[in-house]
Amino acid sequence: MTTFHIGSYTVKRVGFGAMQLPGPGVSGPPRDHDQAIAVLKRAVELGVDHIDTAQFYGPDVANELIREALHPYPENLALVSKVGARRDGEGNWNAAQEPDELRADIEENLRTLQTDRLAAVNLRIHSGDPNSVGPVQRDLFDRQLTAMIAARDEGLIGGIGLSSVSVEHLKIALDRTEIVTVQNAYNLVDTSSQPVLDLTTEHGISFVPFFPLGSGFSADNPVLGNPAVKQAAADLGRTPAQIALAWTLSVAPNVLLIPGTSSVAHLEENLAVDDIELPAGFAP
Ligand SMILES: NC(=O)c1ccc[n+]([C@@H]2O[C@H](COP(=O)([O-])OP(=O)(O)OC[C@H]3O[C@@H](n4cnc5c(N)ncnc54)[C@H](OP(=O)(O)O)[C@@H]3O)[C@@H](O)[C@H]2O)c1
């Protein structure tokens, strides 16, 4: 499988996103604890060297499962987390955007994952809506970057990432420091972050689309249910998920995938996509 880099880590282009491991609504323990552990172990067995997580998945649950399944971690495993949100007792996703909250969240990730350094941490700009990019609040953003730079310079994180950002955020950040990864929503029916993706390609920064399969939130999945995707899957003897992932990989060489799943069978499917040649003229 081809590779790309997240700062000093070279990773395969298909990794794993841990958001589907906790219980329904990304809250509480998994429906099947042993299955969640099996997914993580199988991922690494199949060569996954990039896992995306967050303290607020569960909360705490995804990180604890990763530690239980994989610690002590393989040396080449890039563990990437994100900060900027906090869950409440009702499962709401609230902002935790102040610099001291970002710092506390980084330290909490290190503690629960039982590691002294993460490959990268994404500063996730909070808009209140997972599908939209947060606005630039210049004073806050400058203070957030200062906190992220301090965490990197002190060695807590290998590199700084940004999530749910605009081109403007990325340009401001690049004027101040190195950015090693960007994580925005992007898939074959939502390419609204294309300008951000283009800028990362130009700068040689990894772009990690979230919701590559249309997310686990809606029953009516716009990606897996897309007619062109279903047709290509039938023509090539693959699954719609594999077609969607192959398309996303084909968009640019700096795209790194982190499809999320709680199923070993789906994981195995998702990792077998780099050899897929999409039909000529494929367009969702
Ligand atoms: N930066 C951010 O703000 C942000 C936001 C959201 C997510 N993320 C990260 O991005 C990762 C990916 O996003 P996501 O997990 O939300 O959504 P996703 O990868 O687009 O889709 C996950 C959904 O697809 C299903 N699925 C996975 N593989 C499948 C397959 N081969 N066939 C059929 N269905 C399949 C999963 O169900 P099963 O469990 O049944 O397989 C789940 O319902 C997350 O895990 C997380 O690490 C980041």
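Two strands pair if DSSP finds at least two bridges between them, and helices (H or I, at least four residues) and strands (E, at least two) are DSSP runs, numbered from the N terminus. With that in hand, let us walk through the model. It is a predicted one, in which local features need pLDDT of at least 70, side-chain atom pairs count only at pLDDT 80 or more, and totals for chains, interfaces and linings use all residues. Residues are numbered from 1 along each chain as its sequence is written, and side-chain values use heavy atoms, with hydrogens and water left out.

A good place to start is the sheet. Strands of a sheet pair through backbone hydrogen bonds, either parallel or antiparallel. Here seven strands make an open sheet with parallel pairing, in the order E3-E4-E5-E8-E9-E10-E11. Strand E3 (16-17) and strand E11 (206-207) are the edge strands, each pairing on one side only. At the E11 edge, two bridges link E11 in the parallel sense to strand E10 (residues 181-183), and Thr-181 has Ser-206 in E11 as its bridge partner.

From E3, follow the chain into the loop that leads to H1, where you will find Val-26. Its phi is near 55 degrees, a positive value in a residue other than glycine. Val-26 also brings us to the largest pocket: along with Met-19, Gln-20, Gly-216 and Phe-217, Val-26 is among the closest to the pocket's centre of the 48 residues that line it. On a 1 Å grid over the protein atoms alone, a pocket is an open set of points where a 1.4 Å probe fits, with protein on both sides within 12 Å along at least five of seven lines; lining residues have an atom within 4 Å of a point. This pocket holds about 1,100 Å³ of space, a volume being the space filled by probe spheres set on the points, which are joined across faces, edges and corners.

Which helices each supply at least two residues of that lining? They are helix H1 (33-45) and helix H9 (264-270), and H9 gives the largest share, three residues. By class, the lining has 22 nonpolar, 19 polar and seven charged residues. In this count Ala, Val, Leu, Ile, Met, Phe, Trp, Tyr, Cys and Pro are nonpolar, Asp, Glu, Lys and Arg are charged, and the others, Gly among them, are polar.

Two cis peptide bonds are worth a look as well. One joins Gly-58 and Pro-59, with omega about -10 degrees, and Pro-59 sits in the loop between strand E4 (50-52) and helix H2 (61-70). Another joins His-71 and Pro-72, with omega about 0 degrees; Pro-72 lies in the loop between H2 and strand E5 (78-83).

Finally, turn to a pair of helices, H7 (residues 227-236) and H8 (residues 240-251), which pack at an angle of about 105 degrees with their axes 8 Å apart. Axes are lines fitted to C-alpha atoms, for helices over the stretch in contact, and angles run from 0 to 180 degrees between N-to-C directions. H7 and H8 are therefore roughly perpendicular (65 to 115 degrees) to each other. Val-229, Lys-230, Ala-232, Ala-233 and Leu-236 in H7 meet Pro-240, Ile-243 and Ala-244 in H8, contact meaning heavy atoms within 4.5 Å. Those residues divide into seven nonpolar, no polar and one charged.

Terms used:
Parallel < 35°, antiparallel > 145°, perpendicular 65-115°, else oblique.
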